[in-house]
Amino acid sequence: MPKHYRPAGKKKEGNAARYITRSQAVKYLQVSLSLFRKLCILKGIFPREPKKKVKGNHHTYYHTKDILFLKHEPLLEKFREMRAYEKKIKRAVSKKNRDLAERLLTRKPSYTLDMLIRERYPKFIDALRDLDDCLSMVHLFAALPAVEREKIPVNRVHNCRRLGHEWQAYISRTHRLRKTFISVKGIYYQAEIDGQKITWLTPHALQQVLPDDVDYNIMLTFLEFYETLLAFVNFKLYHSINVKYPPILDSRLEALAADLYALSRYFDNRASMTESKATSFTESDVSKDLGEGPNYEESELRMAQLQQQLPSNEPGALMHLVQNAAETDEDDPETRECKTLFKDIKFFLSREVPRESLLFVIPAFGGIVSWDGEGAPFKETDQSITHQIVDRPTQGHKFLSREYVQPQWIYDCVNARILLPVEEYVVGRIPPPHLSPFVDNEAEGYVPEYAETIKRLQAAARNEVLPMPGVGKEDLDDPQNLLVEGIIDRAEAIEAAEKKQKMSVLQKQYHDELKKELRSTQVSAASDGNKECVSEHIDTGEDSVPDLSQISKDADSMSNVLMPRKKQKLLKAMKIGKERKQASVDRLKERKRKIDEGKKYEKEAKQRVP
């Protein structure tokens, strides 16, 4: 009998029992492939890679336990019920029974994903860890057009915009934004909530073109789950700062673009007044008012209308969400730093700048902002405006009491956490390079010139001392230099100089003792008794010092010989990675050198021209 013989009907073992192919799973669950894919997305089940693929390399494998979980999923029974109900509707339509078809359509069953959210994320911190892709997907569909052929309805787009605005309003109000970067793909943001860093991408406010090689059904399935997840997260976050969710906004503000900001403030003030009156009444008074008549019914109807929809793309709604939340008492030092970056600074946005992004970023760092349009909190002629964000080379009317800067100045100040000089960002001038805060320059091996400038400005803002370019820390530690710079007084400089002199004397004495010990060992080791050669050998000291580079090379080669083949391949891959990184650094340095030479040549050419 062969060693691995298994009689027919015996239970499987090993990978054959632990894994199952996709075709087997679809046949086992008795569902279609599209429905199986949707269930896997909603439940968070993904394919696995077994070490030994029993059925071959061209199959997709899943854990058998995951498929058993899907078998007992209540959502699967709901989908089967909905499929049977659709067959009833189709049968009624084919028999031309219009009344029955309409009645069946009004009673069509639906489902929710609330239990799946609680099942996949038992703790709130788990949901925050998985929020990056959720936010990127929601903001992407908020910028897409509603296309019926791709099954992207208008209400899904409006819901994504509403959820995105609610998330941005919380981040802006609680000053949780940490980093931002403008790239070709869009605008990257990073916020920190409960110690979790959340990074998402928002597309630019441009007309989006839908490519044909994308399966939008899969994306819409992910979006369906992400909408529910973000609604749960927003609910939890709003209640953590004692704010009612969903926020109450007037649905007519989208149509009435005039006085948008004033209307939103008016409705909010009215709601707060009614709440304060309700708290002052007793229970009997409340019951009386409830029975008195049409005023209460009218207010209830108004509140119900306000809760229906959030304006899709209106900045006034975001401003309303930002300004009307409860104050938080306990903030960490980083949050306090972000809260006071743009303190007592008034910004005005021109029409050509990215308004939605700046309305999100500026209040998140303590600034006051308005825009060019109806519903703005203050006009362009306001004399208290300190900075105007523009992106046009010429301006019709300039105010001497304010600074005119490009939008990049806002993002660079946010990443540097200081107010950078505005001279480099003046309108009509090429701004400095926009550096990514997500790149560690020290780890990459190349530090841009403007990054060094920002580092010195940060040190100056914190009253720190950094060495000048070309000067080491040992020069900075010299008491005479510190005295000249005015960092320490004369008494401290004298005391530091005496300590430094004592240390130098002790260091010299230690070196002399080492030299004497080396001479004695070399003399005793000389076997031929040639004193002249020994003295010459001691005086020069060249042959006595071993070649450290050769020793390190020999040690490396010996370690490579004794290393297993798997670790040798890993070491080789690491060396290749270091060489590639060094090549990219050299390429950046060469590019910078050519740019500097070009600027120098242009400057000389301008000087030659009379």
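Begin the tour by selecting helix α3 (residues 33-43) together with helix α11, whose axes come within 9 Å of each other and cross at roughly 35 degrees. The model on your screen is a predicted one, so please read every value in this tour as computed from that prediction. Two packed helices are described by the angle between their axes and the distance between the axes. If you turn the view until one helix lies in front of the other, you can follow how α3 passes α11 in a right-handed crossing.

Next, show the side chains where the two helices touch: Arg37, Lys38, Ile41 and Leu42 on the α3 side meet Ile218, Thr221, Phe222, Glu224 and Phe225 on the α11 side. Coloured by class, this contact between α3 and α11 consists of 5 nonpolar, 1 polar and 3 charged residues.

Stay on α11, which covers residues 216-240, and select alanine 231 within that helix. Is alanine 231 buried or exposed? With a relative accessible area of 25%, alanine 231 is classed as partly exposed, because buried would require a value under 20% and exposed a value over 50%. Leaving aside the neighbours within four places in sequence, alanine 231 is in contact with Leu163 and Tyr245. If you draw a distance line from alanine 231 to tyrosine 245, which is 14 residues further apart along the chain, their C-alpha atoms are separated by 9.6 Å.

Now zoom out to see the whole protein chain, which has 26 helices and 9 strands. Of its 610 residues, 32% count as buried, and the chain exposes about 40300 Å², with carbon and sulfur atoms supplying 53% of that area. Among the contacts with a separation of 6 or more, 61% are between residues 24 or more positions apart.

The next stops are salt bridges, of which the count comes to 21. Select arginine 80 and glutamate 77, which form a salt bridge with their closest N and O atoms 3.2 Å apart. Both residues lie in helix α5 (residues 74-94), where they are 3 residues apart, about one turn of the helix. Arginine 80 is partly exposed at 32% relative accessibility, and glutamate 77 is also partly exposed, with a relative accessible area of 44%.

Move on to helix α26 (residues 565-608), where arginine 593 and glutamate 597 are separated by about one helical turn because they are 4 residues apart. These two form a salt bridge in which the closest N and O atoms are 2.5 Å apart. Arginine 593 counts as partly exposed at 37% relative accessibility, while glutamate 597 is partly exposed with a value of 44%.

For a salt bridge outside the helices, select glutamate 352 and arginine 392, whose closest N and O atoms are 3.1 Å apart. This pair links distant parts of the chain, since glutamate 352 sits in the loop between β6 (346-349) and α17 (355-364), whereas arginine 392, 40 residues apart from it, sits in the loop between β8 (387-389) and β9 (403-405). Glutamate 352 is partly exposed, with a relative accessible area of 26%, and arginine 392 is partly exposed as well, at 33%.

For the last stop, which residues are linked in a network of salt bridges? Select Arg178, Glu192, Glu334 and Arg417 together, and you will have that network in view.

Note on methods. Residues numbered from 1 in each chain as written. Predicted model: local features only at pLDDT ≥ 70, side-chain atom pairs only at ≥ 80, totals over all residues. Heavy atoms only, no water. Buried < 20%, exposed > 50% of the residue type's maximum accessible area, 1.4 Å probe, protein only. Contact = heavy atoms within 4.5 Å. Areas by Shrake-Rupley, 256 points an atom, 1.4 Å probe, with all protein chains shown as cover. Salt bridge = Lys/Arg side-chain N within 4 Å of Asp/Glu carboxyl O. Axes fitted to C-alpha atoms, helices over the stretch in contact; angles between N-to-C directions. Left-handed = near helix turned anticlockwise from the far one by under 90°. Nonpolar A, V, L, I, M, F, W, Y, C, P; charged D, E, K, R; others polar.
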